[in-house]
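Here's a quick tour of one protein chain. Have a look at the model first, then read on.

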Amino acid sequence: MILGQGAVLGIGLNIYAINNFSGPAAQAQNSMKALQAEFTRTWTENLRTLRNFYTGLATAGAFALKQMSAWVTTAGTFDMTMTGVKVASEATTEQYKELSIQAVNLGKTYMFTSQEVAEAMKVMALAGYNADSMAKSIDAMVAAAGASQEPLKETTDVITNVMAMYGIGAENAMRISDLMAKAAIGSKADMLTLGEAIAYAGATMTSLKIPLEETLGMLMIMHDVGIRGSMAGTSLKNMYTYLAKATGEFKTGRQDKAVTALGLSSADFMDAKGNLKSTAELVKTLAKAALPQTTVAQKTLFQALFGDRGERAAI
């Protein structure tokens, strides 16, 4: 696999706000029998006037109550979600108020509602973020979800999972969110498939000290050729698992023969500290060694070196 190019030329965000509503107009028509007595007729006219007046108030009141009910329901849901944030993050009353204000302000400023921001905060709280970490990181989650045009709650879940897997602190949330958004925008991947892929490959990549940037770069290429989600993650995990094995004392006979046939040795894969070289260096080394081989030989050698599943990522 040769790391490709790719530049993000621009991000177009389409923000849709739906504020239109319609309702039937109420019209009341009444008929009264004419009464002969002047007093009775006047009294009836007064009743009609009062009735129409109060009917109008009732109609307007019903609409207002309906709107108020919607507002109360929305506010109640928001408060309930933020209460969950408070409990999960063990926030103080003052921190709870500050986070609530921040969620409301973000809902007014960006394409997501305050309720969606609150739900994202709850995901962060359940992931172990405290109030201060959430306050510093939620803007990054909103920015990443907005840039990639994906749901905020799910985006937050993916990013916090990736950061936890790589042991990255909340102070780096904006950098990681930016990396994830660029990977999603610059390829056929999206946040969910990237998150799924890293869930499968992340443990292996972190144990071998492969940076997140390199992992995302390879996943972008794999998604562009139709290897997505869990399949991409599994292939990448197997590729590196087999490659690490091929450079050590526990390599199989097939791997040893493949490395020898390529004219390589363990030193071509390892740096001075005994870690795997960077992905760019490994790809360059393997591509150069495989170039003189026939296509059949290349496939056989890579299959022996990386196994059936790891071969998908390598070729």
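## Where the model is unsure

Over residues 46-51, pLDDT (the predictor's confidence in each residue, from 0 to 100) stays under 50. For that stretch the model has 2 contacts beyond four places in sequence, a contact being heavy atoms within 4.5 Å. Residues 2-44 also stay under 50, with 28 such contacts. Across the chain, the mean pLDDT is 79, and 75% of residues reach 70 or more.

Keep in mind that this is a predicted model: local features need pLDDT of at least 70, side-chain atom pairs count only at pLDDT 80 or more, and totals for chains, interfaces and linings use all residues. Residues are numbered from 1 along each chain as its sequence is written, and side-chain values use heavy atoms, leaving out hydrogens and water.

## The nonpolar core

Now for the inside. The largest nonpolar core (buried Ala, Val, Leu, Ile, Met, Phe, Trp, Tyr and Cys joined through side-chain atoms within 4.5 Å) has 73 residues. Buried here means under 20% relative accessible area, with a 1.4 Å probe and protein chains only. Helix α4 (a DSSP run of H or I, at least four residues) gives the most to this core, with 9 residues.

Y240 is among the residues with the most contacts inside the core. Leaving out residues up to four places away in sequence, Y240 touches T204, M205, L208, I210, M218, L276, T279 and L282.

## A pair of rings

F302 and F306 sit 4 residues apart in helix α12, about one turn of the helix. Both are buried.

Methods. Buried means under 20% relative accessible area, exposed over 50%, partly exposed in between (1.4 Å probe, protein chains only). Helices (H or I, at least four residues) and strands (E, at least two) are DSSP runs, numbered from the N terminus.
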